[in-house]
Amino acid sequence: TFYISLSPVSDTFGVIAPTLTPTRGESGPLPSLSPAPRRRRPSPICGNRLRELPADLARCAPRLQSLNLTGNCLDSFPAELFRPGALPLLSELAAADNCLRELSPDIAHLASLKSLDLSNNQLSEIPAELADCPKLKEINFRGNKLRDKRLEKMVSGCQTRSILEYLRVGGRGGGKGKGRAEGSEKEDSRKKRRERKQRREGGDGEEQDVGDAGRLLLRVLHVSENPAPLTVRVSPEVRDVRPYIVGAVVRGMDLQPGNALKRFLTSQTKLHEDLCEKRTAATLATHELRAVKGPLLYCARPPQDLKIVPLGRKEAKAKELVRQLQLEAEEQRKQKKRQSVSGLHRYLHLLDGNENYPCLVDADGDVISFPPITNSEKTKVKKTTSDLFLEVTSATSLQILVLCSDLPPVLIAMSSLGHLSSPEMNKYTLENKEEGSLSDTEADAVSGQLSDPRTNPSAGKDGPSPLVVEQVRVVDLEGSLKVVYPSKADLATAPPHVTVVR
């Protein structure tokens, strides 16, 4: 048998630590607890082969700040331990080297938790709710065989912030701890939510306000109708890095009038912020089609072997580029005296846990894209660009990828042609303004450009503006088809004044 006493160690800090005294070396559950008299040298409850904790532990130690349960035989925590308000001051919880099989999502109720060590247990999943612990700064899940293999790699070598962000967005392969079924339900829910927004924002009133002059005609060119279709070959090593990619070619754009190019780039930024969920769900990239030499190869390379000329920078290997961006991020934090950073630096954590980095390579062997970080200067979109290649990649799932690919061809084309009176584009270009992307003055200027085609002489003055979206095939290295975009089911969320012709 065992007994445990919980004694105040410091009146100044109100720290309460448990004291455990075993008798006859026997193991087993602890009995119910009662407050014990003060002891000067309490010891942690570790290395005692305990199989369970008493349910009233939290009740007897409401001001507990540190709990060390390392080296026992616990297979679960009592539910009362994570009851809302049960342990409001608990900042450290260590239960390494036990037999824990699951971690309750209710751990999010530990509002003061800063450090969590559950290494060397039998956990197969980590609940996404862990990311809701507001003060959590340090976690250790090493030595657990997790179902999500990418997450298993991340807990072995990534920073806590990156792991929590991965959990926050749902992870991959059931990272939320409820299996693949919940992942599928989440994707369906996300699709339905976007469809509801589309119906709500593009109602009958909007359709009545837009005349024939404001209509946009979008023609989908089937791959069989294209004498020289663009093809993307996928190498198998991307499977464990960023496995999903689709592409499309958009022809007939006009970025020359006024600040059309700025509108185009702004719309792409807002699509990243909202639709692509800050690049965690997907990352889209646009390329000057004339500079793209196919067929393209989507593959993964070690950071020291991936060489690219990033937008606005000199040629560098991916390892050097990431290191430079990390240094710039640290400098930003010092200057602004806060943890948040802007620009490409915000997406570096998406590479954590990857031994190889994804890249898109053209027929000349040049890397034209390094998702989710940057494109190449070689295919940079300019004012003279009229035809572009749109590339969308994801580490999540093909279904989410297609959802994130559905609107960009329409909205980006609309931005280039001045068709920006609809609530859909206003949402993606004006709301959720990316920090550092546009000043308030620039945002106002862009807002002034989002005019109705009837007041913008360069937009739709000759009636419907024809645009062509060409299908792009994605195949494996043997040539077997993986996906073609846009398919018959895609581009279904086009705004009311956009007509899609197939």
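At what angle do helix α2 and helix α3 pack, and how far apart are their axes? Let's work through that together, keeping in mind that this is a predicted model. Two numbers are the usual starting point, since packed helices are described by the angle between their axes and the distance between the axes. Here α2 covers residues 149-157 and α3 covers residues 160-168. Their packing angle is about 160°, and the axes lie 9 Å apart. Angles over 145 degrees count as roughly antiparallel, so α2 is roughly antiparallel to α3. The crossing of the two helices is left-handed.

Now look at the side that each helix offers to the other. From α2, the contact is made by R150, L151, M154 and V155; α3 answers with S162, I163, Y166 and L167. Sorted by character, the residues of this contact comprise six nonpolar, one polar and one charged.

From the helices we can move to the sheet. Strands of a sheet pair through backbone hydrogen bonds, either parallel or antiparallel. In this model, four strands form an open sheet in the order β3-β4-β5-β6, and the pairing is parallel. Which strands stand at the edges? They are β3 (66-68) and β6 (138-140), each with a single partner strand, so one side of each has no neighbour in the sheet. Going from one strand to the next, the twist averages 5°.

To finish, follow the edge strand β6 to its partner. Strand β5, residues 115-117, runs parallel to β6 and is joined to it by three bridges. If you would like a residue pair to find in the viewer, try L116, whose bridge partner in β6 is I139.

How values were computed: Residues numbered from 1 in each chain as written. Predicted model: local features only at pLDDT ≥ 70, side-chain atom pairs only at ≥ 80, totals over all residues. Heavy atoms only, no water. Axes fitted to C-alpha atoms, helices over the stretch in contact; angles between N-to-C directions. Parallel < 35°, antiparallel > 145°, perpendicular 65-115°, else oblique. Left-handed = near helix turned anticlockwise from the far one by under 90°. Contact = heavy atoms within 4.5 Å. Nonpolar A, V, L, I, M, F, W, Y, C, P; charged D, E, K, R; others polar. Pairing = 2+ DSSP bridges.
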